[in-house]
Amino acid sequence: MSIPVVDFGAYSLSEEDVTDEQMHNLSKELETAFTEVGFVFLKNTGITQEEVYRVMDISKTFFLQPDEAKRPFSRNSFENNPNHGWVSLGIEKLNPLRPGDLKEAFNITSLCQGSIKWPSGAAKGFREIQTSFFHRCKALSLRVLRVMAHSLGVDPEVFLSAHRLIGTAGNSTTLRSLYYPPVNREEGKEGQLRCGEHSDYGSITLLFSVSEGLQVRTRSGEFICAPVIPGAVLINVADLMQRWTSDQFVSVLHRVLLPPAADSSTRQSLAFFVQPDDEALISCCDGSNRYPPVTGGGYLTERFKSSYGQT
Ligand SMILES: O=C(O)CCC(=O)C(=O)O
Ligand SMILES: [Fe+2]
């Protein structure tokens, strides 16, 4: 089994709209991918490799600074926006049974709050570059959600009306830059990975990476390596979407292994975690009561508790 590749050109960000026939074809392709695998590569989305490199470059400039320079931007230090900011190495455990992940991250959630701080100095342009990429990812996500609604035969407003506030205080959608530094095997703890086995929490995730390392679990339970397809965006179903679709779309485990011994390369990726509005009530879209309704914000709060401990 492999991750399907779908040409999204008909509904790329540079196209105004899509014809009924194109929408039908795309929705069939996404339906197969999200029902059977939970992941899909989209080609020709309108988001270019150059845009991705620009965000990765400015993020890397930030990450390569000494920890003292990054500490003022730490996650959990901004009032009203606890998820914004820098997460240092080894802090987060996406698989709570393993030691902390060997990665650093920078989260960008709400774009317009006075209380948050943005890196400048060495990382000049950080805010502008990240913000404009956030808007591009938001636009693509809404298109993908529309196609997904068609796949399920539900009114697109079921998904779209629950994602009205992306980029504002009432929604926790996050653009996360990830940096995996070189691994020193001697210092590593038993069982430690770059990113432990997990599934994502929200509706869908857009993932941009330029090097290998990601593994995705298949239905039969084995992990397969995700290839790198230059210019393509990897999109996966997350847990709340699985619940919303009464398990029709599957949210599957994935992880990032350590590089082979003696390989001192780094890895970078960008994840755009799409999350329904905090107050949006998510009930099974097939009208069943397979899962009780839950709010976007309430569900996320519960999930964060397990990846950061109960604090
Ligand atoms: O870096 C990657 O490729 C995957 C990261 C990931 O799955 C996550 O942060 O949720
Ligand atoms: Fe993930």
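Helices and strands here are DSSP runs numbered from the N terminus, a helix being at least four residues long and a strand at least two. With that in hand, here are the close-ups of this predicted model.

**View 1. Phe34, sitting in helix H1.** Helix H1 covers residues 20-36, and Phe34 is part of it. Is Phe34 buried or exposed? It's buried, because 26 C-beta neighbours fall inside 10 Å, and 20 or more is what it takes. Leaving out residues up to four places away in sequence, Phe34 touches Val40, Met148, Val237 and Phe249. The chain also brings in Val250: 216 residues separate it from Phe34 along the sequence, yet their C-alpha atoms are 6.1 Å apart.

**View 2. The whole chain, for orientation.** Let's step back for a moment. The protein chain has seven helices and 14 strands. Its C-alpha atoms fill a box of roughly 50 × 45 × 40 Å along the principal axes. The radius of gyration is 19 Å, which agrees with the value near 19 Å expected for a compact globule of 311 residues. Of those 311 residues, 39% count as buried. How much of the contact map joins residues at least 24 apart? Counting contacts between residues at least 6 apart in sequence, the share is 75%.

**View 3. The stretch that UniProt labels.** According to an unreviewed UniProt entry, residues 171-276 carry the feature "domain: Fe2OG dioxygenase". In the model, this span is 6% helix and 38% strand. Its two end C-alpha atoms lie 7 Å apart.

**View 4. What surrounds ligand 1.** Which residues are around ligand 1? The shell is made up of Leu178, Cys195, Asp200, Leu207, Ser209, Leu214, His254, Val256, Ser269 and Ala271. Sorted by class, that gives six nonpolar, three polar and one charged residues. Strands E7 (204-209), E11 (254-256) and E12 (267-274) each supply at least two residues of this shell.

**View 5. Strand E8, with one face covered.** Strand E8 runs over residues 214-217 and has two quite distinct faces: Leu214 and Val216 are on the covered one, Gln215 and Arg217 on the uncovered one. Leu214 is also in the shell around ligand 1. E8 pairs with E11 in the antiparallel sense, over three bridges, and Leu214 has Val256 as its bridge partner there. Val256 belongs to the ligand 1 shell too. E8 also runs antiparallel to strand E9 (residues 223-225), with three bridges joining the two. Across that pairing, Val216 is matched with Ile224. Five residues lie between the strands of this hairpin, and Gly221 takes a positive phi near 100 degrees.

**View 6. Strand E4 and the strands it pairs with.** E4 (104-108) is mostly covered, with four of its five residues buried. Which strand pairs with E4 over five bridges? That's E5 (residues 174-180), and the pairing is antiparallel. Ala105 has Leu178 in E5 as its bridge partner, and Leu178 shows up again in the shell around ligand 1. Strand E3 (residues 85-87) pairs with E4 as well, antiparallel and over three bridges. There, Gly85 stands opposite Asn107.

**View 7. Thr109, in a loop but buried.** Thr109 is in the loop between strand E4 and helix H4 (126-152). Thr109 counts as buried because it has 26 C-beta neighbours inside 10 Å. Its contacts, not counting residues up to four places away in sequence, are Asn81, Asn83, His84, Ser172, Thr173 and Thr174. What about Pro227, 118 residues away along the chain? The C-alpha atoms of Thr109 and Pro227 are separated by 28 Å.

**View 8. Two loop residues with a positive phi.** Most residues other than glycine have a negative phi. Asn44 is not a glycine, but its phi is positive, at about 55 degrees. Asn44 is in the loop between strand E2 (39-43) and helix H2 (49-63). With 18 C-beta neighbours inside 10 Å, Asn44 counts as partly exposed. Ala262 isn't a glycine either, and has a positive phi of about 70 degrees. This residue lies in the loop between E11 and E12. Why does Ala262 count as exposed? Because it has 6 C-beta neighbours inside 10 Å, and 12 or fewer makes a residue exposed.

Methods. Residues numbered from 1 in each chain as written. Chains lettered and ligands numbered in written order. Predicted model: local features only at pLDDT ≥ 70, side-chain atom pairs only at ≥ 80, totals over all residues. Rg over C-alpha atoms; globule rule 2.2 N^0.38 Å. Contact = placed C-beta atoms within 7 Å. UniProt positions renumbered as here; feature names shortened; annotations may be inferred. Near = placed C-beta within 6 Å. Nonpolar A, V, L, I, M, F, W, Y, C, P; charged D, E, K, R; others polar. Pairing = 2+ DSSP bridges.
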